[in-house]
Amino acid sequence: MVDEIKTAYHPVVCCTSSRRVVGTEMSEEGYIQGAGDDTENWAHGLTAPLFWGNQRQLLGTPEGDLPGLIEMLVANSEAGGQAVGELKRVAPRLLVGALSAEEKALASSQGKEVCVVTLVPKTTEKETWEKSKRHMEVGLGKSKTASRFLREALPSICEFVSQFLQAPETDGKANKEVVILCESGRDLSVGVALALYCWCFVDSAGTIRSAAADQEQNHNKASIRVKLGHIMTAFPDANPSRATLQSVNSFLMDWRK
């Protein structure tokens, strides 16, 4: 049977750990968590597209030299990848980008009404977040701290965006769009886009929810995963951290608590 499997298929055995240990788990004085779905703890910023684009070089590099090589590849990718001011459409009416796109987003017109949510890498008081009817600047801090604080900020963000989308305008609602910006353009902004995609819209076509009463819908992991799949298909370079997605799931599934 084993020989038959090896002939007909290409077996892939995946073994992951957050870090290498010497000896057994207990010799390390505790549990060593698995890391398969917690890429920020072990991938050093490496994404799937970046891996496949450089697989020969990565697989041919000694393990001890990999962190340095990955750091160089990530830096080169960020420098030559998403252009300054570039926005990525991840769902109907929803676009994400890096903070460098803020000026472009705020100046957008072309027959569209644009709401901009900027997630800045410093902590600010909630009372200062709303800059205008169409601009919110949310100070969440950096890295995992920001991802955790995101859970507390999402109700305010979703309410702000909902009011913008539901407000009557002379041109109607068809031209309204929401831009979400964060430091990388790939993590927090994508998490907020996912929350808005689930919270503010009736379907994947971008039909706006008409009233707050509609929020008494049931969000679950399956429905959230479908929306996340839409976003990742539209923006393969998106890389929301596990902590970011946990905050989004917690908000969407436990928002009444």
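**Note on the predicted model: a buried cysteine and a six-stranded sheet**

1. Start with Cys-200. Cys-200 is buried, with a relative accessible area of 2%. The model is predicted, and every value here is computed from it. Cys-200 sits in the loop between helix 7 and helix 8 (221-234).

2. What does Cys-200 touch, leaving aside neighbours within four places in sequence? Its contacts are Cys-158, Val-161, Ser-162, Leu-165, Thr-207, Ile-208 and Arg-209. Glu-159 is another residue to find in the view. Glu-159 and Cys-200 are 41 residues apart in sequence, yet 8.9 Å apart in space, C-alpha to C-alpha.

3. Next, the cysteines. Two sulfurs count as a disulfide only if they lie within 2.5 Å. By this rule the model has 0 disulfides. Cys-158 is in no disulfide, and its nearest cysteine sulfur belongs to Cys-200, 5.3 Å away. That distance of 5.3 Å does not meet the limit of 2.5 Å. Cys-158 is buried, at 1% relative accessibility. Cys-182 is buried as well, at 2%.

4. Now the sheet. The sheet is open and has 6 strands, in the order 1-2-6-3-5-4, with mixed pairing. Strand 1 (87-91) and strand 4 (130-132) are the edge strands. Each has a single partner strand, so one side of each is left without a neighbour in the sheet. From one strand to the next, the twist averages 25°.

5. Take strand 3 (residues 113-120) and follow its pairings. Strand 3 runs parallel to strand 6 (residues 176-182), and 6 bridges join them. Within this pairing, Val-116 faces Val-179 of strand 6. Strand 3 also pairs with strand 5, again in the parallel sense, over 5 bridges. Here Thr-118 stands opposite Glu-137 of strand 5.

6. Is strand 5 (residues 135-139) largely enclosed or open? Of its 5 residues, 4 are buried, so strand 5 is largely enclosed by the rest of the structure.

7. Strand 5 has an antiparallel pairing too. It runs antiparallel to strand 4, and 2 bridges join the two. Ser-132 has His-135 in strand 5 as its bridge partner. Strand 4 and strand 5 make a hairpin, with 2 residues between them.

8. Which strands does helix 7 (residues 188-199) lie across? Helix 7 lies across strand 1, strand 2 (94-98), strand 3 and strand 6. It runs at about 150° to strand 6. The loop that holds Cys-200 links helix 7 to helix 8, so point 1 can be read again with this helix in view.

9. Look at the approach to strand 6. Asn-175 lies in the loop between helix 6 (143-166) and strand 6. Is Asn-175 buried or partly exposed? It is partly exposed, with a relative accessible area of 26%. Asn-175 is 61 residues from Val-114 in sequence and 8.4 Å from it in space, C-alpha to C-alpha.

10. Last, a loop outside the sheet discussion. Thr-61 is found between helix 3 (55-59) and helix 4 (66-80). A polar atom of the Thr-61 side chain lies 2.5 Å from the backbone oxygen of Gln-57. Beyond its neighbours within four places in sequence, Thr-61 is in contact with Leu-66 and Leu-69.

Notes:
Residues are numbered from 1 along each chain as its sequence is written. This is a predicted model: local features need pLDDT of at least 70, side-chain atom pairs count only at pLDDT 80 or more; totals for chains, interfaces and linings use all residues. Side-chain values use heavy atoms; hydrogens and water are left out. Two strands pair if DSSP finds at least two bridges between them. Axes are lines fitted to C-alpha atoms, for helices over the stretch in contact, and angles run from 0 to 180 degrees between N-to-C directions. Contact means heavy atoms within 4.5 Å. A polar contact is a pair of N or O atoms within 3.5 Å; within protein, one must be able to donate a hydrogen and the other to accept it, and residues adjacent in sequence count only if both atoms are side-chain atoms. Buried means under 20% relative accessible area, exposed over 50%, partly exposed in between (1.4 Å probe, protein chains only).
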